[in-house]
Every structure is written in structure tokens, then in C-alpha cells.
Amino acid sequence: MLTGHRTWVFDQKPVIVSTGTVGGPFEADGLLADDFDLLHSDLWINQDTYEKAHKVLLEEASTKAIEKAGLQKEQIQFFLGGDLINQITPTSFTCRTLGTPYLGLFGACSTSMEGLALGAYLVNTQGAEYLLTGASSHNAAVEKQFRYPTEYGGQKPPTAQWTVTGAGVALLSSAGKGPRVTSATIGRVIDMGLTDPFNMGGAMAPAAVDTIEAHLRERNLDPSYYDLIVTGDLGKIGHEVSLALFKKHGTPIKEEQYKDCGLMIYRDGQPVLAGASGPGCSATVVYGHLLNRMKKGEIKRLLVVATGALLSPLSFQQSETIPCIAHAVSIEYDGEAQN
């Protein structure tokens, strides 16, 4: 199953049998609103803190995925997931509600594909029959922790990004119909010495390029093998930087096949500056919009490269640089198009 130094090829091709995606009011006003299972009109979601609202997002996405698969929560062997809040409490508290055996993950905004890669590994080796994997974020909770509370009204530079309020969950199985997970390339920690927490895209771009190039090299693939290569949340700045790095390295990735979830979810006119970010960004766009496109026959081979900045408020205060990572997962679908 190990191919090269850090790529797994899954011979059993675990199936994504269902997904659940939930978003907030900003996402309801975005370009991909129709691809969410549930959208909330209020950031509080009938809770008294933003962190509790964050937990509700993931609980609802998990419940949707289980219901759509026609299963009971007792049939789920494991939950793999995480978020950005201290000690990933929204995810841990979600699993308190679900009662599912739980493996908590922290890969910052790369968590969605870290979870899918590890989940596919478990299913591929018969370590689970059914498992859930997902990631989530909440704009107000995350901004409060990493930058300033939104009520503060601090001005942000144009390189800053808007944290998605949303949760995306996939239910993986060894059998069934749906898109299949065919391989995964695990990222290395890349640190180019950047220190600006308002320029996550620029910091993460080299990690994305490193993982994509490793994936293509270790699987001996030309970029044209994939109909779409999509990064998690590089935004406008990081997307441009990564394209420049591909050109510098001679990696023949075409702009039309290379997209970013952070540039797909919101419409022009929404004040998101350089684009979207957060673990919920790639999780909702992939498990909602992109898998819907696959099921319609518009995409057959998809490479998702979720990107993460591994800083903390404490590391920033101690003048540390920003280490980054990216995990790549290939998803393929050869079934008949569904309306």
C-alpha cells in the first residue's frame, strides 16, 4: 500500500457513501448555498456562546451523514476529526453526544484531508466497516482565538481571509456506491519563515506545492490525470504564489484545472478580502459542492489538497514563525451520473 516515501494507494478503494454539510449565514449568501444540507441564519445557532454553536454545526453534519446512509450512530466504529479551538473541544464534545469511539485530530485547516486519509487507511485495512471523518470551524469563535473578537472591529489587511462557519463530514465504508478514495499523500511540515498571521495563504502555499509534487512523483502521474486539483484554503494570495512555484519548478499544472476552495465558496461582493479559510472551508466545499459535481458526472478524478498553518496564539506571541502542512487525497468516481 505504501508507494514511495509518503503516499498510500488504497487497493480496496474505500467508498464515501454519504456526507453531511452545514453552514452559517455568510455561507447561505455565498455561491455554494445549494450544496449545503443545512444552513443557519444566525451565528449563535440558539446557543449562548460561539464555541457551543460551533459544536452544533459538527453534530448536525454528522447526523445528516448517518441519516443519509440509512444507518444508526451505533453502527459507526470511529469518528476522526478536529477543529481550531483550544484542545479541539467542539469536536470532542460532538463525540460526547454521538457516543462514537473517537480519534481527535489537529492539522489546523488541513484536518479534513488528514481525517479522510487516515479513515481510508483504516477502512482499507479492515480496521473499520463504517467511520465518520470531518472538520469544522466557526468564524466568530476562531477569530476570537487567533486574532481579535469580531465585536472589536479591528481592520484587516487585504491578505487576510474569512473563516468559514461550517462543518463537513464524510461517512466511509468498505462497500457501497459513491466516490472512492484511491490514494493519499501525507504532508511534511514546511516553514519558510513567515510570521504574519494575516497572510495564511502565502505561508501555506509552499506546503501545498510540496505535497502535490510529491503525490505526482510517487504515483508517477502527470497532472492531467486529474480533472481537478483543488487546494483547501490558500485564498487569492496563496493560489497565486503556488502557481508561481509550479512554474518555477517546471510542474505542468494548468490554471484551469487548479482551483482553491477558499476562492469557490463566496461570491463577489462578500467582504472576504483574500478568500475563505478554516477547516470547515475544504470540508464543506469538498463534501458538498465537489462531490455533488462528481455524482453528476462533471468530475471523475479529483485531488484534494487541504492546507494548514500550524501556529497557535502562544507561538505567535513568542515570535515563532508559521510552520505549515498539506495533505492530499485522491477521490475517483466512475459511476453513472445522478440527477
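**Figure 1. Ser-242 lies in helix H7.** The model shown here and in the following views is predicted. With a relative accessible area of 0%, Ser-242 falls under the 20% cut-off and is therefore buried. Apart from neighbours within four places in sequence, Ser-242 is in contact with Ala-205, Val-209, Leu-234 and Tyr-258. Ser-242 is also one of the H7 residues that meet helix H6.

**Figure 2. Helices H6 and H7 pack at an angle of about 40°.** Two packed helices are described by the angle between their axes and by the distance between those axes. Helix H7 covers residues 235-249, and the axes of H6 and H7 are 8 Å apart. Angles from 35 degrees up to 65 degrees count as oblique, so H6 and H7 are oblique to each other. Their crossing is right-handed. On the H6 side, the residues are Gly-201, Gly-202, Ala-205, Pro-206, Val-209, Ile-212 and Glu-213. They meet Ile-237, Gly-238, Val-241, Ser-242, Leu-245, Phe-246 and His-249 of H7. By class, this contact has eight nonpolar residues, five polar and one charged.

**Figure 3. Helix H6 spans residues 200-218.** Its 19 residues, at 1.5 Å a residue, should span 27 Å. The C-alpha atoms at the two ends of H6 are 27 Å apart, so the span agrees with the expected value. H6 is mostly covered, with 18 of its 19 residues buried. Asn-220, just after H6, takes a positive phi of about 55°.

**Figure 4. Helices H2 and H3 pack with their axes 9 Å apart.** H2 covers residues 50-68 and H3 covers residues 89-98. The angle between them is about 50°, and H2 and H3 are therefore oblique to each other. H2 passes H3 in a right-handed crossing. From H2, the contact is made by Glu-51, His-54, Lys-55, Leu-58, Glu-59 and Ser-62. From H3, the residues are Pro-90, Thr-91, Phe-93, Thr-94, Thr-97 and Leu-98. Four residues of the contact of H2 with H3 are nonpolar, five are polar and three are charged.

**Figure 5. Ile-45 has a positive phi in the loop between strand S4 and helix H2.** Strand S4 is residues 38-39. Phi of Ile-45 is near 50°, a positive value in a residue other than glycine. Ile-45 counts as buried because its relative accessibility is 8%.

**Figure 6. Ile-88 has a positive phi in the loop between strand S5 and helix H3.** Strand S5 is residues 78-82. Here phi is near 40°, and Ile-88 is a residue other than glycine. The relative accessible area of Ile-88 is 13%, so Ile-88 is buried.

**Figure 7. Helix H5, residues 139-146, is largely enclosed by the rest of the structure.** This description follows because seven of the eight residues of H5 are buried. The buried residues are Asn-139, Ala-140, Ala-141, Val-142, Glu-143, Gln-145 and Phe-146. They pack against H2, strand S7 (130-137), strand S8 (162-163) and helix H9 (313-317).

Notes. Residues numbered from 1 in each chain as written. Predicted model: local features only at pLDDT ≥ 70, side-chain atom pairs only at ≥ 80, totals over all residues. Heavy atoms only, no water. Helix = DSSP H or I, 4+ residues; strand = E, 2+ residues; numbered from the N terminus. Expected span 1.5 Å × (residues − 1). Buried < 20%, exposed > 50% of the residue type's maximum accessible area, 1.4 Å probe, protein only. Axes fitted to C-alpha atoms, helices over the stretch in contact; angles between N-to-C directions. Parallel < 35°, antiparallel > 145°, perpendicular 65-115°, else oblique. Left-handed = near helix turned anticlockwise from the far one by under 90°. Contact = heavy atoms within 4.5 Å. Nonpolar A, V, L, I, M, F, W, Y, C, P; charged D, E, K, R; others polar.
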